[in-house]
Every structure is written in structure tokens, then in C-alpha cells.
Amino acid sequence: MGIALERGLAVLEHLIQHPQGLPLSLIAAELDIPLSACHRLLADLQRYGYVRQARKQGDYVLTTKVVSMGLGFLSSAGIVDIAEPLLERLAQTSGELVRLSIVDEDRLTWVAKSQGMRQTGLRYDPDMGMDARLSCTASGHAWLMTLSDERAFELVSRQGFGKPAEYGPKAPTTIKALVGFLHAARVRGYAVIDEVFAPGMAAIAAPVFRRQEAIGVISIAGPSTRFSAARARELAPALLAAAAELGPISNASSLFGRPALGKG
């Protein structure tokens, strides 16, 4: 990959994490790109419509072009049409946020969601299109539980545990701590977290299998105040049934079936 292309993609990926925008000097410093080279990259990205300046000589932000491309890709791949009825049914049953993530080589990305219709109370609704943090999300644990410990730890080590302050108070920060979560998930057949990904939030997740290989994950998440351990056990059969139903029909979407390389 050419250095200009590599740096350009790095800039786009970095700005995705900062929707409020960043100044040129900070982008260059955080990505270790010379200031003049970073300015040229941003000028090119701006000319092609991928970034804009919030104001004259102000912070650089992504345009909706990247979002449009992603949504167009998901639509063309057929994933929304396939998964939407299942996600909506599960969201109605649970009253909580239901999400679908897909395995794409060594990444797990949230691509679709459905929010249960609650008239009052908290709503938990993170952005789509993000890669799941494998070490501390229910979705991440549900995928990792289908892999060998060696492969799971390789993926987590590559992605990193992240900064403890960014996640819940019970988030594992070492491989040893993660082992307990994965082994418990394998025993019960689905992953469970409480105040792991975020303070005051709980979730359960189950892998979607096709030909005995995990190709995605369905999760249910909500505030711990109403998403208790008992509630999680109550919803688990519906979650597992939805995952089992999606697996056989996933062939209709080209987005499924791109498993992790080098699976152990």
C-alpha cells in the first residue's frame, strides 16, 4: 500500500472516532504525519468530498459521503432485508436494543439494529458501523467463545483492551480476566455482561452459525436497572432462537460468510 493511501485511510478512520472534528495540528500529531503532508491529504480528501472544515480554517470533520457509501453497501448486500424482521421481533419481545454484528475476517462490526418500543425510561443506543471491542462487549464475547482460546486471545491482543476509563468498571483488562467470561459463555451457550462495556449497562449475545462457523452475532442490551440476570435468562431462549433462524437464511446476503482468517 502506498504511503499516501495508508495515511489517507488513517485520517478517515481517525476522524470517524471524532465526529466533532479535529484541527490539522492534532490530526498530524496523533497520527504521526508531518504537518505539511497531513495538510495535503486533508486538502485532497476535501476536494473529493470526504471531509470538510467546520468553518474557514477550522476543524476538519467527515462528510456524510462515507456514511452514504456504507449504507449503500449494506443495502446492496441485502443484510437489512434479511435481518430486519428478526431484529424487530426480538426488540418487541425484549423492549430493549437489539443489534446485529457481522464477522469480517478479524473484525466484528455492528451493522443493523432495532430498538424496543418503550414509552419511558433509559434507552441505550450506540452508533452503528463501529467495530465491537472484543474484550468487553457481549457481542465480542459471543464471537470469541466460538474460537479456540489461542485464536481469541490473538484477536484481542491485536485490537487491545482499550483504556479502562472508556468502559465499564467490570471490563477485563488482562487475558486471564477475559478467560472467565469466555468459559462461562461457552457453558451457557451465550455471552452475558453487566457493567462491562459501559457503567450501568447489561447485555446478552449469541453467535449466528452457518456450517458450524460463526458468521455474526445478535445481542440484546439495556440498562442494568431493568436488564437483570433473571431478565437475561428469560430472554435467552428468544435470542438463541433468532440466531438459529438467521444462520440458514444468511446465504442471501454477500456480507455474511467472511470468517476470521487463520481460525484456530
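**Helix 9 and the sheet it packs on**

At 1.5 Å a residue, helix 9 with its 21 residues should span 30 Å, and its end C-alpha atoms are 31 Å apart, which agrees. The structure is a predicted model. This briefing covers helix 9, the sheet beneath it, and one serine in helix 6.

**Helix 9**

- Helix 9 covers residues 229–249 and packs on the sheet, where it touches strand 3 (97–104), strand 6 and strand 7.
- The direction of helix 9 makes about 30° with that of strand 6.
- Helix 9 has a kink of about 40° at Leu-235, shortly before the proline Pro-237.
- Leu-235 is also one of the buried residues of helix 9.
- Other buried residues in this helix include Arg-231, Ala-232, Ala-236, Leu-239, Ala-242, Ala-243, Leu-246 and Gly-247.

**The sheet as a whole**

- The sheet is open and is formed by 5 strands in the order 4-3-7-6-5, with antiparallel pairing.
- Strand 4 (107–115) and strand 5 (191–194) are the edge strands, and each of them pairs on one side only.
- On average, neighbouring strands of the sheet are turned by 20° against each other, direction ignored.
- In a regular strand, side chains alternate between the two faces of the sheet.

**Strand pairs**

- Strand 6 (residues 201–210) pairs with strand 7 (residues 213–223) in the antiparallel sense over 10 bridges.
- Within strand 7, Ile-218 is the residue that stands opposite Ala-206.
- Strand 7 also pairs with strand 3, again in the antiparallel sense, over 6 bridges.
- Arg-99 has Ser-219 in strand 7 as its bridge partner.
- Strand 3 and strand 4 are joined in the antiparallel sense by 8 bridges.
- Asp-104 stands opposite Arg-107 in strand 4.
- Strands 3 and 4 form a hairpin with 2 residues between them, and Glu-105 in the turn has a positive phi of about 60°.
- Of the 8 residues of strand 3, 7 are buried, so this strand is largely enclosed by the rest of the structure.

**Ser-139 in helix 6**

- Where does Ser-139 lie? Ser-139 belongs to helix 6, which covers residues 138–144.
- Is Ser-139 buried or exposed? Ser-139 has 2% relative accessibility, and buried means under 20%, so Ser-139 counts as buried.
- The side chain of Ser-139 makes a polar contact with the side chain of Trp-110 at 3.3 Å.
- Leaving aside residues up to four places away in sequence, Ser-139 touches Ser-101, Leu-108, Trp-110, Ala-205, Val-217 and Ser-219.
- Ser-219, one of these contacts, is the bridge partner of Arg-99.

Terms used
Residues are numbered from 1 along each chain as its sequence is written. This is a predicted model: local features need pLDDT of at least 70, side-chain atom pairs count only at pLDDT 80 or more; totals for chains, interfaces and linings use all residues. Side-chain values use heavy atoms; hydrogens and water are left out. Two strands pair if DSSP finds at least two bridges between them. Helices (H or I, at least four residues) and strands (E, at least two) are DSSP runs, numbered from the N terminus. Axes are lines fitted to C-alpha atoms, for helices over the stretch in contact, and angles run from 0 to 180 degrees between N-to-C directions. Contact means heavy atoms within 4.5 Å. The expected span of a helix is 1.5 Å times one less than its number of residues. The bend at a residue is the angle between axes fitted to the seven residues ending there and the seven starting there. Buried means under 20% relative accessible area, exposed over 50%, partly exposed in between (1.4 Å probe, protein chains only). A polar contact is a pair of N or O atoms within 3.5 Å; within protein, one must be able to donate a hydrogen and the other to accept it, and residues adjacent in sequence count only if both atoms are side-chain atoms.
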